[in-house]
Amino acid sequence: DIEEELDPVLDPILEKQFVKSGKTLKVKLGDKECDVMPGFKLYITTKIPNPRFTPELFAKTSVIDFTVTFSGLEAQLLTRTVNLSLSVYVYIHKFIILTP
């Protein structure tokens, strides 16, 4: 788990500063050079309910908010209902106009 800032040692990974050495990729972390396995992915989690990450962190990563609240679900359901209703009304409107 992280707080609102990441250790700068991770920057080469987040910025994908990989160097090809033969058939392998390498990344320099601190003073060590480490191999990067094909398909490598880094997942970072936090328990902070509403983290205030820096714009730089947002630029380097994909931030996904898995927080579910009742009001958030209510808003999503309302949006889907309105969109569905609008598409039905547009269909009916086109049918009425095109029907002689």
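This is a short dialogue on how to read some features of a predicted model.

Colleague: Let's begin with the strands. How many bridges join strand E1 to strand E2?

Modeller: Welcome! Keep in mind that we are looking at a predicted model. Strand E1 (residues 19–21) and strand E2 (residues 24–29) run antiparallel and are joined by 3 bridges. One pair to find is serine 21 with its bridge partner in E2, threonine 24. The two strands make a hairpin with 2 residues between them.

Colleague: And which strand pairs with E2 over 5 bridges?

Modeller: That is E3, again in the antiparallel sense. Here lysine 26 has aspartate 35 in E3 as its bridge partner. The hairpin of E2 and E3 has 2 residues between the strands.

Colleague: What should I look for in the backbone angles of those turns?

Modeller: Look at the sign of phi. Most residues other than glycine have a negative phi. In the E1 and E2 hairpin, glycine 22 in the turn has a positive phi of about 70°. In the hairpin of E2 and E3, glycine 30 takes a positive phi near 65°.

Colleague: Which residue has a positive phi although it is not a glycine?

Modeller: Lysine 16, with a phi of about 50°. You will find lysine 16 in the loop between H1 and E1.

Colleague: Is lysine 16 buried or exposed?

Modeller: The cut-off for exposed is over 50% relative accessible area. Lysine 16 has 63% relative accessibility, so it counts as exposed.

Colleague: Now for charged side chains. How many salt bridges does the structure hold?

Modeller: There are 3. To read one, look for a side-chain nitrogen of Lys or Arg within 4 Å of a carboxyl oxygen of Asp or Glu. Lysine 60 and aspartate 11 meet this way, at 3.1 Å from N to O. Lysine 60 is in helix H2 and aspartate 11 in helix H1, so the pair ties together parts that are 49 residues apart in sequence.

Colleague: What is the distance between the closest N and O atoms of lysine 60 and glutamate 15?

Modeller: They are 3.3 Å apart in that salt bridge. Glutamate 15 lies in the loop between H1 and E1, so this pair links parts 45 residues apart in sequence. Glutamate 15 is partly exposed, with a relative accessible area of 38%. Through shared partners, salt bridges join Asp11, Glu15 and Lys60 into one network.

Colleague: Which residue forms a salt bridge with aspartate 35?

Modeller: Lysine 26, with the closest N and O atoms 2.6 Å apart. You met these two earlier as bridge partners. Aspartate 35 is exposed, at 52% relative accessible area.

Colleague: How do I look for empty space, and what is the volume of the largest pocket?

Modeller: Rolling a probe the size of a water molecule over the atoms shows where empty space is left. The largest pocket here has a volume of about 1,000 Å³. Its lining has 29 residues, and Ile44, Thr45, Ser62, Val63 and Ile64 lie nearest its centre. Helix H1 (11–14) and H2 are the elements that give two or more residues to that lining. H2 gives the most, with 3 residues.

Colleague: Last one: which residues form the nonpolar patch on the surface?

Modeller: Among them are Leu78, Val82, Tyr89, Ile92 and Phe95, and the patch has about 1,100 Å² of accessible area together. Take isoleucine 92, which lies in helix H3 (residues 70–98). Isoleucine 92 is partly exposed, with a relative accessible area of 41%.

Methods
Residues are numbered from 1 along each chain as its sequence is written. This is a predicted model: local features need pLDDT of at least 70, side-chain atom pairs count only at pLDDT 80 or more; totals for chains, interfaces and linings use all residues. Side-chain values use heavy atoms; hydrogens and water are left out. Patches are made of residues with over 30% relative accessible area and no salt bridge: like charges are joined within 9 Å, nonpolar side chains (Val, Leu, Ile, Met, Phe, Trp, Tyr) within 5 Å. Accessible areas come from the Shrake-Rupley method with a 1.4 Å probe; for residues, only the protein chains shown count as cover. Helices (H or I, at least four residues) and strands (E, at least two) are DSSP runs, numbered from the N terminus. Buried means under 20% relative accessible area, exposed over 50%, partly exposed in between (1.4 Å probe, protein chains only). Two strands pair if DSSP finds at least two bridges between them. On a 1 Å grid over the protein atoms alone, a cavity is a set of points where a 1.4 Å probe fits but cannot get out, and a pocket is an open set with protein on both sides within 12 Å along at least five of seven lines; lining residues have an atom within 4 Å of a point. Grid points are joined across faces, edges and corners, and a volume is the space filled by probe spheres set on the points.
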